[in-house]
Amino acid sequence: MIRIRSSRVAALVFILCGFGLCVPFVAFAAGRAPQATKPAAAPPGKPLFEGACAVCHGMDGSGGNGPNIRHAAARLGPNGIEDLVKVGFIGSGMPTFPQLGDEKIRQIVDYVVSFDQEASGTQPGDAQKGKEIYRSKNCSQCHIVNGQGGNLGPDLTRVGTRLSPGSLSDAITSPGLKLPLDANLAERAAFRAYLMQRAVTKDGREITGLRVNDDTFSVQLRDAGGQIHSLRKLDLQKLEDLPGKSWMPSYKDGLSETQLNDLVSYLAGLRGAR
Amino acid sequence: MKSLQYVAYAGVLAALLLAGWSSALAQNVTYDDILHSSAQPQNWITYGGNYSSHRFSELKQIDTQNAASLKMEWVYQLRRTGIFETSPIVVDGYLYMTEPPSTVTALDVRTGKAIWRWTPELPKNLLTIGLFPTNRGVAVLGDTVYVTTIDSYLVALDGKTGAVRWRVHVAENKEGYAITSAPLAINGKIITGTGGGEAGLRGLLDAYDAKTGKRLWRLWTVPTQGEPGVETWGGDSWKWGGATTWNTGSYDPELNLLYWGTGNPAPDWNGDARQGDNLYSCSLLAVDADTGKMKWYFQFSPHDTHDWDAAEPPILLDAAINGQPRKLVVMANRNGFYYVLDRTTGEFLSGVPFIKQTWAKGLDAKGRPILMPDIDPSPQGTLIYPSITGAINFSSPSYSPLTGLVYVTAREQGAYYFKGRPKMEPANPELAGGGGGQRVLTGDPAYTAVRALDATTGKMKWQFKLVGDSWTGTLATAGGLVFSADVAGNFFALDAATGKPLWNVHVGAAARANPVTFAVDGKQYVAVAATNSLFVFGLP
């Protein structure tokens with residue numbers, strides 16, 4: 001039983017903003033009485049999901065022309081998912097499914113919740129020890145968890161819902177080599193943030209930084225000092241990707257295998273403040 | 001029973017006030033006007049700009065020299081939210097647009113102020129299986145505005161007040177029929193198709209008397225027992241064959257032929273129960289406008305299992321092929337090939353890929369695809385380019401007779417296709433009839449681009465790459481410009497000859513509609529619908 005709290009509403013609004021659509025969804029979410037949601041028993045919702053949802057979200061929920069929802073439960077909780085199925089994402093292309101009725105919608109929700117449990121999997125190490133490694137290696141100098149830390153690198157508050165343990169391990173040992181590109185077109189912009197780029201303006205100014213936002217006509221780069229540069233692509237003589245480059249040092253040699261597994265376990269458990 | 005609710009927003013009073021303001025607001029569109037639409041470029045008089053679906057305007061006040069100074073003139077915000085795909089019709093100062101799902105709004109083009117608005121009452125148990133409850137626009141003929149509704153009615157409205165003149169039932173929404181397309185007005189007739197290709201139904205194309213609403217003919221796009229073509233459907237799969245007509249077609253008045261694309265066979269990604277070519281799905285149909293008889297068909301994707309509808313409006317043009325003047329119909333198809341056909345006979349003349357495709361080795365002499373092995377969806381997923389969304393979808397390409405180029409919004413994207421349940425369950429919203437699904441390719445550098453293709457060969461002359469996706473068609477003008485937009489909310493103008501970007505504005509949210517241009521009081525405007533607003537621009 002999960003109650004919609006303000007953080008959950010914030011998460012919902014965040015997702016909507018990810019669709020380029022910052023509409024206040026609070027109106028329907030706030031004040032909702034808690035609803036019982038069945039535990040993740042999956043199967044009855046599987047054919048329903050594959051019939052009504054898979055065309056946009058993919059057969060395994062990993063996305064298509066709709067977003068990847070494998071971790072939707074971690075972000076929204078069952079009630080948040082249920083709200084979306086009933087109300088839709090206004091303007092995003094996500095329709096409502098009132099004709100399915102409450103019971104079948106809950107079966108779909110249960111099935112979607114099971115994706116998250118399946119994707120979370122078994123962790124390779126000890127998360128508590130990993131948290132200590134995170135502290136001792138000063139990761140918070142560049143990363144935020146639950147509002148605390150520096151902002152040079154990605155906010156890791158929900159990193160466990162975005163990267164698998166394997167991808168987390170790769171990101172720690174080979175920063176910059178693996179970009180999390182397993183997103184659909186709509187999501188991709190959000191995942192582009194940690195690509196390094198070098199821009200040269202027509203008057204010869206050079207800026208190297210992390211890509212914060214990017215579209216057809218503009219790009220925003222954050223430089224090593226944290227300064228954000230908003231650039232019109234028409235004003236640039238050059239804009240190049242720097243794949244494999246990262247300001248994050250590799251911890252390939254700085255962590256034992258056990259320590260790496262512990263750190264990965266801690267990060268995999270970061271699934272958003274509740 | 002449903003009853004219509006006429007919502008008079010400022011209604012007759014506003015119309016009277018405006019009539020006093022300008023006599024130009026007194027439209028009466030004749031068939032001859034639409035036939036010669038290029039003679040009145042101030043109006044955007046039919047869905048495709050003209051009967052040939054060129055989406056080309058003779059207006060040239062906005063040109064390559066001054067496009068950079070375009071400014072916003074006004075914005076119309078929807079009264080409700082939804083998927084906004086309208087392509088406005090403009091006649092003598094009136095702009096007629098549709099709001100999702102089936103509202104018609106008449107605006108004064110000078111100010112963007114509503115003159116009237118009409119909203120149908122829709123059933124509470126409305127079925128929209130495999131489609132969004134949206135609408136792409138109206139048709140006008142005489143002093144009447146024609147609109148189709150999401151619950152599958154065709155309605156005639158008084159152009160000055162929005163009052164209902166007649167309303168006819170096209171098809172049964174309870175069976176899954178739902179209409180999102182703009183109707184086409186020809187000489188005394190209104191033509192409409194329907195959507196619902198995932199709902200377990202048979203597609204159809206209808207003609208109605210423009211004055212009375214009486215149905216004049218119906219063409220089923222899937223043959224029934226005893227008719228030629230039914231043998232292309234295994235078992236009784238023709239009963240839910242799909243092949244819907246969910247976008248607006250084109251018309252050749254000299255040949256008196258309509259050209260209408262059809263959608264996927266059903267279920268989409270599992271063809272086991274429908275062995276055969278599945279005529280006339282994923283095809284272009286040439287239809288006698290007087291009788292509704294099919295003169296010829298061309299099937300782009302026989303036995304389709306990838307949802308590659310032939311829904312985008314076909315472009316009609318005349319050009320020389322091998323030194324011989326030909327009447328052509330061209331289509332940049334969702335399956336990734338650009339086709340050139342003789343529109344008198346349906347003869348295949350050429351076809352080349354305009355995006356990366358991995359499903360066909362090529363096309364044979366008759367235009368039939370020579371398939372690669374193992375392209376069908378599978379339980380474990382089969383990687384194919386293009387994706388389900390396709391190389392192009394419903395958005396309209398444009399054609400400039402000045403450059404000889406067709407401008408398309410092309411999508412470069414692959415996907416894993418999954419095979420699901422083999423059977424349809426008609427009108428079952430739980431299953432949506434797809435029989436599978438897709439997962440886009442991990443790490444795939446997918447993108448969209450506005451591409452200029454030689455109209456007679458399909459050869460790319462230039463492209464302008466977009467970041468992310470696009471669901472917007474293109475608009476070409478005599479000012480040497482091509483307008484389009486992307487899902488990030490950028491509306492932009494390109495040089496039609498080179499693809500060089502000349503102007504862009506960020507309207508704040510995704511566009512998924514075709515832009516149009518028009519003029520009033522000697523001033524040219526360009527307009528595009530994006531998310532919940534219609535944005536209109538002009539020179540300062």
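Reader: Let's jump straight in: which residue stands opposite E99(B) in β5(B)?

Author: That would be T103(B). Before going on, bear in mind that this is a predicted model: local features need pLDDT of at least 70 and side-chain atom pairs count only at pLDDT 80 or more, while totals for chains, interfaces and linings use all residues. As for names, residues are numbered from 1 along each chain as its sequence is written, and chains are lettered from A and ligands numbered from 1 in the order in which they are written.

Reader: Okay, so how should I read a label like β5(B), and what does pairing involve?

Author: Strands are DSSP runs of E with at least two residues, helices are runs of H or I with at least four residues, and both are numbered from the N terminus. Strands of a sheet pair through backbone hydrogen bonds, either parallel or antiparallel. Here, two strands count as paired if DSSP finds at least two bridges between them. Strand β5 of chain B covers residues 103-108, and β4(B) pairs with β5(B) in the antiparallel sense over six bridges. The two form a hairpin with three residues between them.

Reader: Which other strand pairs with β4(B), and over how many bridges?

Author: Strand β3 of chain B, residues 89-91, does so over three bridges, again antiparallel. In that pair, V91(B) stands opposite Y94(B). Two residues lie between the strands of this hairpin, and D92(B) takes a positive phi near 45°.

Reader: Is β4(B) mostly covered or uncovered?

Author: First, the yardstick: a residue is buried if 20 or more other C-beta atoms lie within 10 Å of its own, exposed if 12 or fewer, and partly exposed in between, with C-beta atoms placed from the backbone. β4(B), residues 94-99, is mostly covered, with six of its six residues buried.

Reader: And which residues sit on which side of β4(B)?

Author: In a regular strand the side chains alternate between the two faces of the sheet. In β4(B), Y94(B), Y96(B) and T98(B) are on one side, L95(B), M97(B) and E99(B) are on the other, and all are buried.

Reader: Moving along the chain, how do I read a sheet order such as β19-β20-β21-β22 (chain B)?

Author: Go from neighbour to neighbour: these four strands form an open sheet with antiparallel pairing. Its edge strands are β19 (315-321) and β22 (348-353) of chain B, each pairing on one side only. The twist averages 30° from one strand to the next; angles run from 0 to 180 degrees between N-to-C directions, and axes are lines fitted to C-alpha atoms, for helices over the stretch in contact. Inside this sheet, five bridges join β21(B), residues 337-342, to β22(B), and V340(B) stands opposite S350(B).

Reader: What is the strand order in the sheet that holds β30 and β31 of chain B?

Author: β26-β27-β30-β31, an open antiparallel sheet of four strands. β26 (398-400) and β31 (460-466) are its edge strands, and the twist averages 25° from one strand to the next. Eight bridges join β27(B), residues 405-412, to β30(B), residues 447-454, with V408(B) opposite R451(B). Six bridges join β30(B) to β31(B), where A449(B) stands opposite K465(B). That hairpin has five residues between its strands, and G458(B) in the turn has a positive phi of about 80°.

Reader: How many helices and strands does chain A have?

Author: Eleven helices and seven strands. Of its 274 residues, 43% count as buried. Calling two residues in contact when their C-beta atoms, placed from the backbone, lie within 7 Å, residues 24 or more positions apart account for 63% of the chain A contacts with a separation of 6 or more.
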